Amino acid sequence: MASVIAVFNEKGGVGKTTTLLTLAAGLDLVGRRQNKQWRILVVDADQQVNTTQMLTGRADFGVGKSLSCLYENNLYQADQLAAAITPSLWSANIDVIPGDRSLQEVPSRQVLLPRGDYRLSDVISEIATQYDYVLFDTNPKWDALSVAVFLACQWAVVPVDLRQFAIQGLSYMISTLIQKKREYRHPDFNILGVLITRFNDQLVGMRSDIAVLRRHERLGSLLFSGQIPESIVVDYAQREGVSLFEHSPRSKVALAYARFIGEVLGREVNT
Ligand SMILES: Nc1ncnc2c1ncn2[C@@H]1O[C@H](COP(=O)(O)OP(=O)(O)OP(=O)(O)O)[C@@H](O)[C@H]1O
Ligand SMILES: [Mg+2]
């Protein structure tokens, strides 16, 4: 059965998509190195479709061939969503369920549909039997689609950029996840960790913010041990539509992500 991991943060531009894409590419590399050929499914639950664009080179899948198809009518089946699975350009081991602009209408539809909140988790649990990892990218807003992803996943990774009044926002995000876990009685769900992204040593206060965060009684223990440095390499790789590991495997940022992925694998087994 697959491990299902989602990135969440209501703040925009904190590195959710970058982290998710790099996690997909990194898990693929680890799987290959260990001769396990892990099968990875990336699901783009963000109407901005950045993940879809990066992994497939396209953003025009439309309602029928994207995650949106799940919310089209009263009946739903795993087959319907399985038919939207498309291969990625990055690796034969990485498949994609594309996003679509119409995902922004999901929240208003989901409430009207029978088992609306659970529709995604019902279907993903069937599809997940074909994969080792299912990875969800999400939008920068907590809405009904976020609830659907939350119910479909076991693990949350919360990327955080310390520039953006982050500690208060992070605290709120973690509280939301913990409260939803209780409200929806979803005992299988856990926060895998908080990842500091876009770390820039030269920005005044960033180091002390990290120190505050590491000492924080509720948040400190959730932090992954390393942080992801800010680097122009991320932008270059995205412009070329390739993973950081393909573009600059020895860059500081790729090495920091490799360490993060190692820690994900450790926490996932031990938590
Ligand atoms: N470590 C990094 N160094 C430099 N730039 C970065 C880094 N991580 C992300 N970026 C850049 O920051 C921008 C936002 O990153 P990303 O798209 O991953 O965030 P996001 O949380 O998914 O955003 P959104 O909330 O809009 O979906 C992108 O232009 C990306 O290239
Ligand atoms: Mg994004």
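## Reading a predicted model, starting after H1

Modeller: Just after H1, Asn-35 takes a positive phi of about 60°. Keep in mind as we go that this is a predicted model.

Colleague: Happy to start there. Where does Asn-35 sit, and is Asn-35 buried or exposed?

Modeller: Asn-35 belongs to the loop between H1 and strand E2 (40–45). For burial, count the C-beta atoms around the residue: 12 or fewer within 10 Å means exposed. Asn-35 has 6 C-beta neighbours inside 10 Å, so Asn-35 counts as exposed. Note too that Asn-35 has its positive phi although it is not a glycine.

Colleague: What is phi of Gln-37, and where does Gln-37 lie?

Modeller: Gln-37, a residue other than glycine, has a positive phi near 50°. Gln-37 lies in the loop between H1 and E2. With 12 C-beta neighbours inside 10 Å, Gln-37 counts as exposed.

Colleague: Now to H1 itself. How many of the residues of H1 are buried, and what span should H1 have?

Modeller: The idea for span is to multiply 1.5 Å by one less than the number of residues. H1 has 18 residues and should therefore span 26 Å; its end C-alpha atoms are 25 Å apart, which agrees. As for burial, 13 of the 18 residues are buried, so H1 is mostly covered by the cut-off of 20 or more C-beta atoms within 10 Å.

Colleague: Let me step back along the chain to Val-14. Where is Val-14 found, and why does Val-14 count as buried?

Modeller: Val-14 is in the loop between strand E1 (3–7) and H1. Val-14 counts as buried because 27 C-beta neighbours lie inside 10 Å. To see what is around Val-14, set aside the neighbours within four places in sequence; Val-14 is then in contact with Asn-9, Pro-159, Val-160, Asp-161 and Thr-197. Phe-61 is 47 residues from Val-14 along the chain, and the C-alpha atoms of the two are separated by 26 Å.

Colleague: Let's turn to ligand 1. How many residues surround ligand 1, and which are the closest?

Modeller: There are 20 residues around ligand 1, and the closest are Gly-12, Lys-16, Thr-17, Thr-18 and Pro-140. A useful next step is to sort a shell by residue class. Here the shell divides into 5 nonpolar, 10 polar and 5 charged residues.

Colleague: Which helices each supply at least two residues of that shell?

Modeller: Helix H1 (16–33) and helix H9 (232–240) each do so. Ile-232 is found in H9. Ile-232 has 9 other C-beta atoms within 10 Å and is therefore exposed. The C-alpha atoms of Ile-232 and Leu-75 are separated by 46 Å, with their positions 157 residues apart along the chain.

Colleague: One last feature, helix packing. At what angle do the axes of H5 and H6 cross, and is the crossing left-handed or right-handed?

Modeller: For a helix pair, look at the approach of the axes, the angle and the hand. The axes of helix H5 (residues 119–127) and helix H6 (residues 144–152) come within 7 Å and cross at roughly 35°. The crossing of H5 past H6 is right-handed. H5 contributes Arg-119, Leu-120, Ser-121 and Ile-124 to the contact, while H6 contributes Ala-148, Val-149, Leu-151 and Ala-152. By class, these residues are 6 nonpolar, 1 polar and 1 charged.

Colleague: Which residues of H5 are buried, and what do the buried residues pack against?

Modeller: Arg-119, Leu-120, Ser-121 and Ile-124 are buried in H5. The buried residues of H5 pack against E1, strand E5 (133–138) and H6.

Terms used:
Residues are numbered from 1 along each chain as its sequence is written. Chains are lettered from A and ligands numbered from 1 in the order in which they are written. This is a predicted model: local features need pLDDT of at least 70, side-chain atom pairs count only at pLDDT 80 or more; totals for chains, interfaces and linings use all residues. Axes are lines fitted to C-alpha atoms, for helices over the stretch in contact, and angles run from 0 to 180 degrees between N-to-C directions. Helices (H or I, at least four residues) and strands (E, at least two) are DSSP runs, numbered from the N terminus. A crossing is left-handed if the near helix is turned anticlockwise from the far one by less than a right angle, and right-handed if clockwise. Two residues are in contact if their C-beta atoms, placed from the backbone, lie within 7 Å. Ala, Val, Leu, Ile, Met, Phe, Trp, Tyr, Cys and Pro count as nonpolar, Asp, Glu, Lys and Arg as charged, and the others, Gly among them, as polar. A residue is near a molecule or strand if its C-beta atom, placed from the backbone, lies within 6 Å of it.
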